[in-house]
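Q: I work mostly at the bench and would like a close look at one part of this model. Could you walk me through it slowly, and then add some helix packing from elsewhere in the model?

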Amino acid sequence: MPFDLHSINLFDMGKQFVFTLTLQKISFLAVAFMTFASAVAVVTMKNIFHSLLFLVLTFLGVAGIYLLLSADFLAAVQVLVYIGAITVLIMFALMLTSKLMAKRVSQTMEQWIVALPVTLGILVVLIRLVVLNPWGMKAAPAGPTTGIIGTSLMTKYLLPFELASIVLLVAVVGAILLAKEDKSDDPS
Amino acid sequence: MNFSLFYLSPELILALGGIAALFVGLASKSRKGFPWPEVFCLLVLAAALVPTIAMLTMGRVTSGTSIFGGIFAVDGLAMFFKIVALISTGIVTLISTDFFRRIRFHRGEYYALLIFATLAITTLAASADLIMIYLTLEFLSLTSYILAGYLKQDTKSNEAAVKYFLYGSIASAVMIYGMSLIYGLTGTTNIVEIASTFKVNPASYSLLYLAVVMLLAGFGYKIAMVPFHQWSPDVYEGAPTPVTAFLSVGSKAAGFAVLIRVFATGISTAILDWAGLIMVLSAVTMTVGNLVAIPQTNIKRMLAYSSIGQAGYLLLGVAAMAYSSIALPSVLLYIFAYTFTNLGAFAVVSMISTRIKSDYIRDYAGLIRRAPAAAVAMVFFMLSLAGIPPTAGFLGKFYIFAAAIQSGNSWLLALTIVAIINTIISVYYYMNVVRYMFFVKAKRIEPIEQPGIMNFVIGMTFAMTIIILVYAGPFISMAHISSGMFKGI
Amino acid sequence: MQNNYAYIALFATIGVAFTVATMWVSWVVRPTHKRTGSKAEPYECGELPIGNAWRQFKAGYYIFALLFVVFDVEVAFIFPWARVLRDMKSAGLGLFAFFEMMVFIAILLVGLAYAWRKGVLKWD
């Protein structure tokens, strides 16, 4: 059994076990297929705007995988930040670039013949190693994870939490510097 | 709590100083008058340097101390790299005042970003948790991308920023994959706990090896290690010269800080023999760097490949850490010497290039007549980079080679021979610059203006390049104290 | 907990099914016409569109999108904090947690103040 969701043991709940396992399996397969298929579409679409639309679907699929891993808060953030904000940002970037939207461009170049076997080789090695490894599993948290994340942000990970706000500040400053048109009356 | 605030004081000063610097820049509109942003930046860096040195010298930090539940280390290694970062950013600030003199740019933000980049390095040097390491590494990268693309009108600067960004995003994506594997294997992100978990139940060797290689993609990209070095020539060439100087010293030192901490504390050689891997990477890095440096005609590209070669020598020292106790102090000493030497070389390049409007080595012809002091200083910087006495670079190289030989490991011995051959190769291209400056006839002979501030920077780095060798005692003992207070292998 | 997800799945299914069904029904009942003349316009009356809709937009939009991303991420941090603030208070750390978040928000307000002083919030 190279890949069995049994070992992931997300909802170990006695009587409901058999039922949830199959439901879970079905939802995992559905979400995984959607994520993978739309990710392939992102890099193969000729129109870059269509790529972006499939990217939304990929982000949504990733959120679904987070849910299956009992990371409910992360799934919400994924929808909020990635689908809600990052996609809008990319769309604006496309809209602002002249003559990019209606153009049909090929996303592959001649080096794909070399790149494909290399990446497939890495993929095979990765899958083999990850599947063969006996992972030590912890039981998933029973309830919502938001509180756990909140507590660790306020206690152990206080420093990265505050540092994150400075990183965001630098992002604001950098974005304004690089994206704003310079006018002659600006301070130099 | 009071104690941890004292431990955090350099970071607090930098964070508040960076925010204040933004507004100092907004307030000082005019170029004429007192240079408030520059002076403020230097004051902030100096203010952060005082508690850092105090912590290192007054014995306030001890081996294995950390705060915030072990995610922020307060040890000699962290303090050493903080000092290097603060000093090098200070020198970069001085170089910037001259470089940007005739260029319109957002002055206040530039110095604020330099302070924030320094904050990123100081926190990175102290990070002892994979989450902190990832966050601070991204923080440093983000600031570096903005700084590399600071000359918005210059297409080469734009290219530098985009290339650095694309390469950096891939490298950090691979790195965080490796981190997730390590987290999956151990169930913790703290590198001390990772080490103790591995001691109790060893992980699958091949999977851990893969994870370590993935981590090296992220760290190797920061230190410009082959094969993660491709960004560096283009970025070094396109970025504004003071930013290039910052990337080649501060950013590289940060990469080594995290590399040393993760490998020496988190993954001991008993669990995974990483020394062999680092040795191979070291040999490849120094050879590629030094060989490709030879045909370069642009001095910034030449210095980029030279700094790849320097990373190779430093990796030799890192590999020797697995076998020799003097390896870590020798790496630190080398980094200290390299800091002043490389910043000095970039100070000369920045001063000359802005005035002759060219980065080509052939345009340095006859520099001895046009700017004699800078040319003479440049000779010593080149000698130091090559590792020839009477310069600091010689001391650093000597110590690293000594550590490798003292370990008695035959592979390290072989690698030392490779390093010596590489040193001889490097003399060729370093002395090529000297040849142009002294012996090739110049097309133009009018003297190049040397402003006082650049004379000060070049003079100071030149003095340090000599002093570190001639008056080596304090520097050697600083390297030993710093590494002694670090609980590694 | 799983029942909550069942609701989500139910809502998602109903949402998709409703959309598909509506479109299917309108496809079934509508008369087939050739799209010619004014039928081919985006709107059958009013202004005629000039040029292509796939055109370049003003670069000023971009900074707003960027600022939006930054503050969206900030919300992602505030939410778990708000969830635990009461627990922190009962643990005697209420003021501490409150202060920490105020620092976080203050630093981001610096970013907003900077953007304002820089004049990027002005639309011209």
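A: Happy to: we will start with chain C, move to its contact with chain A, and finish with helix pairs in chain B. Please keep in mind throughout that this is a predicted model.

Let's begin with what chain C is built from. It has three helices and zero strands, and reading from the N terminus its elements run α-α-α. For its overall dimensions, the C-alpha trace of chain C spans about 70 × 50 × 20 Å along its principal axes. Its radius of gyration is 25 Å, where a compact globule of 124 residues would have one near 14 Å. Buried residues account for 17% of the 124 residues in chain C.

Now for the partner. Chain C contributes 40 residues to the contact with chain A, and chain A contributes 43 residues. On the chain C side, α1 (2–29), α2 (60–90) and α3 (94–117) each provide at least two of the touching residues. The helix that gives the most to this side is α2(C), with 20 residues. Sorted by class, the side of chain C that touches chain A holds 31 nonpolar, four polar and five charged residues.

It helps to look at the same neighbourhood from a helix of chain A. In helix α5 of chain A, which covers residues 146–154, the buried residues are I149(A), G150(A), T151(A), L153(A) and M154(A). What do they pack against? Within chain A, the buried residues of α5(A) meet α3 (72–96) and α6 (158–179), and from chain C they meet α2 and α3.

Chain B offers some helix pairs to set beside this. Take α17(B) with its two partners. Helix α17 of chain B (residues 392–406) and helix α18 of chain B (residues 410–439) pack at about 155 degrees, with axes 8 Å apart. Because of that angle, α17(B) is roughly antiparallel to α18(B). Their crossing is left-handed. K397(B), F401(B), A404(B) and I405(B) of α17(B) meet residues of α18(B) that include L412(B), L415(B) and A419(B). This contact of α17(B) with α18(B) divides into seven nonpolar, two polar and one charged residue.

The other partner is helix α19 of chain B (residues 452–470), which packs with α17(B) at an angle of about 45 degrees, their axes 7 Å apart. That angle is why α17(B) counts as oblique to α19(B). Here A392(B), F394(B) and L395(B) of α17(B) meet T465(B), I468(B) and L469(B) of α19(B). By class, the contact of α17(B) with α19(B) has five nonpolar residues, one polar and no charged ones.

One further pair rounds off the tour. Helix α13 of chain B (residues 299–320) and helix α14 of chain B (residues 327–356) cross at roughly 175 degrees, with axes that come within 9 Å. The two helices, α13(B) and α14(B), are therefore roughly antiparallel to each other. Residues making the contact include L303(B), Y313(B) and L314(B) of α13(B), along with V331(B), Y334(B) and Y338(B) of α14(B). Across this contact of α13(B) with α14(B) there are 13 nonpolar, five polar and one charged residue.

Key: Residues are numbered from 1 along each chain as its sequence is written. Chains are lettered from A and ligands numbered from 1 in the order in which they are written. This is a predicted model: local features need pLDDT of at least 70, side-chain atom pairs count only at pLDDT 80 or more; totals for chains, interfaces and linings use all residues. Two residues are in contact if their C-beta atoms, placed from the backbone, lie within 7 Å. Helices (H or I, at least four residues) and strands (E, at least two) are DSSP runs, numbered from the N terminus. Ala, Val, Leu, Ile, Met, Phe, Trp, Tyr, Cys and Pro count as nonpolar, Asp, Glu, Lys and Arg as charged, and the others, Gly among them, as polar. Axes are lines fitted to C-alpha atoms, for helices over the stretch in contact, and angles run from 0 to 180 degrees between N-to-C directions. Angles under 35 degrees count as roughly parallel, over 145 as roughly antiparallel, 65 to 115 as roughly perpendicular and the rest as oblique. A residue is buried if 20 or more other C-beta atoms lie within 10 Å of its own, exposed if 12 or fewer, and partly exposed in between; C-beta atoms are placed from the backbone. The radius of gyration is taken over C-alpha atoms; the globule rule is 2.2 Å times the number of residues to the power 0.38. A crossing is left-handed if the near helix is turned anticlockwise from the far one by less than a right angle, and right-handed if clockwise.
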